[in-house]
Amino acid sequence: MRIYNTATRQVEEFTTYVPRLARGYVCGITPYDHMHVGHGRVYVFFDIFRRYLERLGYEVRLVINFTDIDDKIINRAKEEFGHEAYRRWREIPERYIAEYFEMTKKLYIKPAYAYPRVTENVEDMVKWISTLVEKGYAYVAPDGSVYFEVAKVPNYGVLSRQKIEELVAGARVEPEPGKRNPLDFALWKSWTPGEPWWDSPWCPGRPGWHLECVVMSTKHLGVPFDFHGGGADLIFPHHENEIAIARAYFGVDNFARYWIHVGYLTVRGEKMSKSLGNIITLREVLSKHSGEALRLAYAMSHYRKPMEFTYELLQQAEDMAKTLYTAYDELSQALRDAGEKDQEPIAQEALKYAEAFYGALDDDMSTPEAVQQLYGMARYIISTVLHRVEKISRETALAILNKYVEMADVLGVLERRQIPKELEEAVKTLVEVRAKLRQERQYQLADYIRQRLAELGVELHDFGPRTYYTYRRT
């Protein structure tokens with residue numbers, strides 16, 4: 001498999017430091033507000049990446065953090081709780097961390113290896129800061145805040161491909177007393193009355209954002225680990241500053257081998273922002289559409305390219321998901337109608353889609369092509385395999401079905417394929433009764449059964465003497 005590495009600006013062969021063990025870290029949310037569809041795109045992509053690595057035989061240790069103390073959380077607590085914010089601020093991150101797990105479950109995102117929180121790792125962060133001060137890479141400001149001195153690290157700007165002079169000119173920083181350079185960033189922020197704080201050798205306060213991720217990632221994954229990811233907006237300054245801290249602390253050029261970034265998501269051609277009023281939450285989308293449809297919609301755009309989000313795209317994905325389920329349901333039932341031996345090369349034709357599917361994912365995770373190959377295989381199953389199922393053996397039909405499910409599992413779709421056994425038996429019985437009624441030319445009663453099943457979300461499809469059925473999944 002080959003993947004694009006932001007650090008080298010090249011598509012590289014993916015290899016790991018430990019054979020068959022892939023260790024990766026993806027920057028998680030700052031839980032102060034509802035998750036939006038941009039968040040969803042990032043976490044769905046890395047879930048597909050993780051699933052494909054597992055299909056290739058890797059054990060994947062994927063760590064996703066929660067930045068559960070931050071200016072945004074504090075400000076939100078002040079807005080909601082007023083003078084009680086100091087006492088109740090933890091309710092804000094707890095609420096939105098719970099929503100994270102609710103939304104990712106609906107998106108069929110597999111659980112991470114670990115979910116470290118900043119507030120659970122402050123002691124480790126204080127030790128890191130002490131070491132960086134001792135090594136001369138950090139300094140203490142008059143108010144007790146501690147800043148990382150960017151100029152002390154060679155090749156700062158290597159990830160974003162910018163020079164320090166250019167970065168200083170366009171630095172997105174707020175004035176902070178005691179900083180020696182506009183690019184220097186806080187490792188420890190001094191306490192402000194009315195805000196949460198932790199003890200430290202310098203002053204009461206809390207850790208800085210850029211330090212948090214490098215501490216938590218290396219704590220769970222070691223140094224160096226295999227891949228580090230997030231949205232493209234994190235390349236600078238966040239990931240750039242993580243690299244700088246790791247270089248100073250460990251003395252390594254790069255503490256993660258591959259840097260993988262997901263492109264922006266736009267609405268009506270513009271990046272989502274509160275000022276534009278175009279933020280679309282995951283809760284809103286998933287109240288109207290299935291998680292699988294949203295996964296397919298994300299996958300229809302290459303992860304590195306901008307993606308324009310529309311509800312029309314989601315409806316297209318819903319229609320595609322319905323076709324995927326039709327192929328699965330009907331081929332599952334068609335196994336009983338297969339012949340004793342293969343008389344036509346149907347399997348070879350069907351499995352060509354799988355070959356192209358995996359070839360697409362090998363080529364820098366080209367999910368748009370992979371989706372088309374999965375959909376193409378579904379259409380082939382419906383149009384060809386079901387009509388000629390008696391021309392192939394049961395083993396061949398089962399092999400086609402298994403390969404189809406395997407491909408779907410990599411993309412995280414067909415997750416609702418299991419139907420309660422009692423319902424399956426009831427529907428099967430009604431289909432058999434209807435078949436006898438048709439043989440006896442009692443078409444009115446047969447049509448009545450079809451109509452009632454349709455009202456219950458079961459669609460019947462007749463292939464000559466055979467009848468298969470599909471479920472409407474809600």
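In the predicted model, a network of salt bridges links Asp71, Lys78, Lys189, Glu195 and Arg206. Over the whole structure, a search finds 41 salt bridges. Side chains of opposite charge can pair when their charged atoms come close.

One of these pairs consists of Arg23 and Asp226, with the closest N and O atoms 3.7 Å apart. Arg23 belongs to strand β3 and Asp226 to strand β9, so the salt bridge ties together parts separated by 203 residues in sequence. Both partners fall under the 20% limit for burial: Arg23 is buried at a relative accessible area of 10%, and Asp226 is buried at 0%.

The two strands that carry this pair, β3 (residues 21-26) and β9 (residues 225-231), run parallel and are joined by three bridges. Within this pairing, Val26 stands opposite Gly229 of β9. Both strands belong to an open, parallel sheet of four strands in the order β4-β3-β9-β10. Strands β4 (59-64) and β10 (256-262) each have a single partner strand, so one side of each lacks a neighbour in the sheet. From one strand to the next, the twist averages 20°. Helix α7 (residues 209-221) lies across β3, β4 and β9, and runs at about 160° to β3.

A salt bridge is also formed by Lys110 and Glu54, whose closest N and O atoms are 2.7 Å apart. Lys110 is located in the loop between α4 (91-106) and α5 (122-134), and Glu54 in helix α1 (residues 37-55), so the contact ties together parts 56 residues apart in sequence. Lys110 is partly exposed, with a relative accessible area of 31%, and Glu54 is partly exposed at 26%.

Lys322 pairs with Glu459 in a further salt bridge, the closest N and O atoms being 3.6 Å apart. This pair links helix α11 (residues 311-334), which holds Lys322, to strand β14 (residues 458-463), which holds Glu459, across 137 residues. Glu459 is partly exposed, at a relative accessible area of 35%.

Glu459 is also among the residues in contact with Thr470, a set that includes Thr326, Asp329, Glu330 and His461 when neighbours within four places in sequence are left aside. Thr470 is placed in strand β15 (residues 466-471) and is buried, with a relative accessible area of 5%. The C-alpha atoms of Thr470 and Leu386 are separated by 13 Å, the two residues being 84 apart along the chain.

On the surface, Tyr86, Trp191 and Trp197 form a nonpolar patch with about 330 Å² of accessible area together. Trp191 lies in the loop between β7 (185-190) and β8 (205-207) and counts as partly exposed at 38% relative accessibility.

Note on methods
Residues are numbered from 1 along each chain as its sequence is written. This is a predicted model: local features need pLDDT of at least 70, side-chain atom pairs count only at pLDDT 80 or more; totals for chains, interfaces and linings use all residues. Side-chain values use heavy atoms; hydrogens and water are left out. Buried means under 20% relative accessible area, exposed over 50%, partly exposed in between (1.4 Å probe, protein chains only). Contact means heavy atoms within 4.5 Å. Two strands pair if DSSP finds at least two bridges between them. Axes are lines fitted to C-alpha atoms, for helices over the stretch in contact, and angles run from 0 to 180 degrees between N-to-C directions. Patches are made of residues with over 30% relative accessible area and no salt bridge: like charges are joined within 9 Å, nonpolar side chains (Val, Leu, Ile, Met, Phe, Trp, Tyr) within 5 Å. Accessible areas come from the Shrake-Rupley method with a 1.4 Å probe; for residues, only the protein chains shown count as cover. A salt bridge is a side-chain nitrogen of Lys or Arg within 4 Å of a carboxyl oxygen of Asp or Glu.
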